[in-house]
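The following note sets out several points on the structure shown below. They are offered for consideration alongside the coordinates.

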Amino acid sequence: MKLYGVWRSLATYRVKVALALKGMQVEEVSIDILKGMQHQPDYKAVNPQAVVPSLVLDDGGPPLFQSMAIMEWLEETKPQPPLLPKDPRGRVRVRGIALISAADAHPLVVPRIRVYLEKELKLDESTRNKWLMHWSLEALKAIEVHLKEKDTGRFVHGDSPTIADICLAGQVIGAQGYFKCDVSSVPTVMRIHDECMKLEAFSRAHPLKQPGAAVH
């Protein structure tokens, strides 16, 4: 399998953590979205939306795309260790918390949005940064409220990591590491983030530990 992504992509991070938790190895192919490589014809043949990540399987079929869909595919094809609870109520809770980050917040801060804010709307850097910080932190605040529910344990749902923890960890990396948000208002989020980072699957895939990170 080949995973197309880039070191700083939080969506790529999510897939890399899920693959590592499942014990699966892939060949990584860097698509530097800051340099516009995602718009090259060869990559657009892999992903017409010109975004990362994309996962090309060995079966010769169409590439998989969108991090949440890829993680669901991993769960269905390699169910151990599980990244979703067994009960329907638990599964919908985990998916819902995961989507706060992956579907609501993260899409508002990706490079193509930042470029649009700058080039089309002519927003200066400080105003753009205010946008990035606002939406990144709003997602963490919403997640923090859900973490007060009784199903929260060592991790978001119980004592084993799930898709929700993967998305939470990525959201914290973006908010704290990229956009310098003050995360003091989300102590439970940060406790769980710290628990995640004790696991090699989470810590080894950290964007700032990837090849190429040091040169940016």
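1. Two strands are taken as paired if DSSP finds at least two bridges between them. The model under review is predicted. In this model, strand β1 (residues 2-5) and strand β3 (residues 54-56) are paired in the antiparallel sense, with three bridges between them. Within this pairing, Y4 has S54 of β3 as its bridge partner.

2. The pairing of β1 with β3 belongs to an open sheet of four strands, whose order is β2-β1-β3-β4 and whose pairing is mixed. At the edges of this sheet are β2 (27-30) and β4 (64-65), each of which pairs on one side only.

3. Helix α1 (residues 10-21) lies across β1 and β2, and runs at about 155° to β1. The helix consists of twelve residues, and the distance from its first C-alpha to its last is 17 Å, close to the expected 16 Å.

4. The two ends of α1 deserve separate mention. At the N-terminal end, S9 acts as the cap, with a side-chain oxygen 3.4 Å from the backbone nitrogen of A11. Just after the helix, G23 adopts a positive phi of about 75°.

5. How many of the twelve residues of α1 are buried? Eleven are, and the helix is thus mostly covered. The buried set includes the charged residues R14 and K16 as well as L10, V15 and L19. Y13 is also one of the buried residues of α1, and Y13 is touched by H206.

6. H206 is found in the segment after α9 (200-204). Is this histidine buried or exposed? H206 counts as buried because its relative accessibility is 17%, where the cut-off for burial is under 20%. Leaving out residues up to four places away in sequence, H206 touches I173 and M197 in addition to Y13.

7. I163 lies in helix α7 (residues 163-178). With a relative accessibility of 1%, I163 counts as buried. Its contacts, apart from neighbours within four places in sequence, are M68, M71, L83, L84, V94 and A98. Although I163 and M197 are 34 residues apart along the chain, their C-alpha atoms are separated by 14 Å.

8. Two of the contacts of I163, M68 and M71, are among the buried residues of helix α3 (residues 67-77). The other buried residues of α3 are S67, I70, E72, L74 and E75. Which elements cover the buried residues of α3? The cover includes α1, β3, β4, α4 (88-105) and α7.

9. A last point concerns the cysteines. A disulfide is a covalent bond between the sulfur atoms of two cysteines. The count of disulfides in this model is zero, the cut-off being a pair of cysteine sulfur atoms within 2.5 Å. C167 is in no disulfide, and the nearest cysteine sulfur, that of C196, is 11 Å away. The sulfur of C196 likewise has that of C167 as its closest cysteine sulfur, and 11 Å is too far for a bond.

10. Are C167 and C196 buried or exposed? C167 counts as buried because its relative accessibility is 0%. C196 is buried too, with a relative accessible area of 0%.

Notes. Residues numbered from 1 in each chain as written. Predicted model: local features only at pLDDT ≥ 70, side-chain atom pairs only at ≥ 80, totals over all residues. Heavy atoms only, no water. Expected span 1.5 Å × (residues − 1). Buried < 20%, exposed > 50% of the residue type's maximum accessible area, 1.4 Å probe, protein only. Polar contact = N/O pair within 3.5 Å; in protein donor to acceptor, adjacent residues only side chain to side chain. Contact = heavy atoms within 4.5 Å. Axes fitted to C-alpha atoms, helices over the stretch in contact; angles between N-to-C directions.
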